[in-house]
Amino acid sequence: MSTMNLTINGHSPIPIRRQLTEQLRHAIEAGGVPRDQALPSIRELAGFLGVNPNTVARVIDDLKRSGYVEARRGKGVFVAPAPPARPAPHLRETFLQDTVIRAAALGMTAGLRPAAIRGAAEVLLVECSPPELDFFARQLEAHLPVRVDKMLLAELVAVTRRPKQAGRWRAAVTSFCHLPQVERLLKGKGVPVIALLAEAHLETLHRLAQFPSGTRVGVASTTVETAHNLEHSIANANLPNIALVGVCPAEGAALGRLVRRADVIVCSTAAAERVRGLAGSTVQVLIDDRALDPRAIEMLATLLVQQNGDRPTAAPAPRRLSAGRKSREGATRATVPGK
């Protein structure tokens, strides 16, 4: 189910019901959700996306009426064995219509298109560890026409003393925990800074929702910052049957203590071998390599298009979100230095 990559924008003029219906239809048509595959429950989808359960229920009803899914008594809602195929003569028209809808669902207009970015822009990525640099670089380069210049946080101090080098970057990207330091180091360099989160996959949340009430869940990753990001993503899903009992890096004595307190450990592939070695057969291990928050990709695309002059540049208002805010309100922040 992790291939669905559902995204809801509460500020879009497209109704949330329409956004979710179109994205689920596309996921089913593209094979992102296999035929006869069970969908997450209404409660799970609503919690993950931060929307009203009644809205999700109406979306499921829409999909039932159009033949995309079917309800099976006592088992849940499943993708139909033979979902409807769109007529070939209208494929191009439908494709264009869906593209506009999905762009609007992401908060983009015809003047704000990732395709409008001319050439591959050079973007600075700042993180505290090589695994984090590699993860975010792959994600960004897979979604946007950018060349990512990877740099450890400790190296940024020396680099920013050379103004000409900083001038080649169209934007800088880092995680929330490093945002204040990166902003300070790049102040006055004319480089917009975007902070982002990487979220748990929907499949992970779906599996967590199946555990008995009171299940204790720990989170481990290569760095404690990564583990905290993943923990916040799971917490935002508001799963009532689990209790988060802590996070830690996948090394040292802290990991052993966390394993002893948890029934389930969610961790990255890089940390899995170490976690399994300590967990044995008593603790279940769920692998989650996370997915980059689509709002971060949207914000970076918007900044790059604005720099190309497709529309007058307006600095996005800086905003901070508390850990308890719903995911639909966005998990990104951008600051643009004054010209």
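A crossing of two helices is called right-handed if the near helix is turned clockwise from the far one by less than a right angle, and left-handed if the turn is anticlockwise. With that in hand, the helix pairs of this predicted model can be taken one at a time.

Helix 2, covering residues 42-49, passes helix 3 in just such a right-handed crossing. The axes of helix 2 and helix 3 (residues 53-65) come within 9 Å, and they cross at roughly 120°. That angle makes helix 2 oblique to helix 3. On the helix 2 side, the contact is made by Ile42, Leu45 and Ala46. Helix 3 brings Pro53, Val56, Ala57 and Ile60 to the meeting. Sorted by class, this contact comes out as seven nonpolar residues, with no polar and no charged ones.

Helix 3 also has dealings with helix 1, which spans residues 16-29. Here the two helices pack at an angle of about 45°, their axes 9 Å apart. Helix 1 and helix 3 are therefore oblique to each other, and their crossing is right-handed. From helix 1 come Ile16, Arg17, Leu20, Thr21, Leu24 and Arg25. Across from them, helix 3 supplies Thr55, Val56, Arg58, Val59, Asp62, Leu63 and Arg65. Val56 thus turns up in the contact with helix 1 and also in the contact with helix 2. The make-up of the contact between helix 1 and helix 3 is six nonpolar, two polar and five charged residues.

Further along the chain there is an open sheet of four strands, in the order 9-8-10-11, with parallel pairing. Strand 9 (242-249) and strand 11 (284-287) sit at the edges with a single partner strand each, so one side of each has no neighbour in the sheet. From one strand to the next, the twist averages 25°. Strands in a sheet pair through backbone hydrogen bonds, in either a parallel or an antiparallel way. In this sheet, strand 8 (residues 215-221) pairs with strand 9 in the parallel sense over seven bridges. Ala220 is found opposite Cys248 of strand 9.

Helices lie against this sheet as well. Helix 10 (residues 224-236) goes across strand 8, strand 9 and strand 10 (264-267), and runs at about 165° to strand 9. Helix 12 (residues 269-279) packs on the sheet too, where it touches strand 8, strand 10 and strand 11. The direction of helix 12 makes about 180° with that of strand 11.

Helix 12 has a helical partner in helix 11 (residues 253-261), and the two pack at an angle of about 55° with their axes 10 Å apart. Helix 11 and helix 12 are therefore oblique to each other, and helix 11 passes helix 12 in a right-handed crossing. In this contact, Leu255, Gly256 and Val259 of helix 11 meet Arg274, Val275, Leu278 and Ala279 of helix 12. The residues involved split into five nonpolar, one polar and one charged.

That leaves the charged pairs. Side chains of opposite charge can pair when their charged atoms come close. Searching the whole structure turns up 10 salt bridges. One of them joins Arg147 to Glu122, with the closest N and O atoms 4.0 Å apart. This pair ties together distant parts of the chain, with Arg147 in strand 4 (residues 146-152) and Glu122 in strand 3 (residues 121-127), 25 residues apart.

Methods
Residues are numbered from 1 along each chain as its sequence is written. This is a predicted model: local features need pLDDT of at least 70, side-chain atom pairs count only at pLDDT 80 or more; totals for chains, interfaces and linings use all residues. Side-chain values use heavy atoms; hydrogens and water are left out. Axes are lines fitted to C-alpha atoms, for helices over the stretch in contact, and angles run from 0 to 180 degrees between N-to-C directions. Angles under 35 degrees count as roughly parallel, over 145 as roughly antiparallel, 65 to 115 as roughly perpendicular and the rest as oblique. Contact means heavy atoms within 4.5 Å. Ala, Val, Leu, Ile, Met, Phe, Trp, Tyr, Cys and Pro count as nonpolar, Asp, Glu, Lys and Arg as charged, and the others, Gly among them, as polar. Two strands pair if DSSP finds at least two bridges between them. A salt bridge is a side-chain nitrogen of Lys or Arg within 4 Å of a carboxyl oxygen of Asp or Glu.
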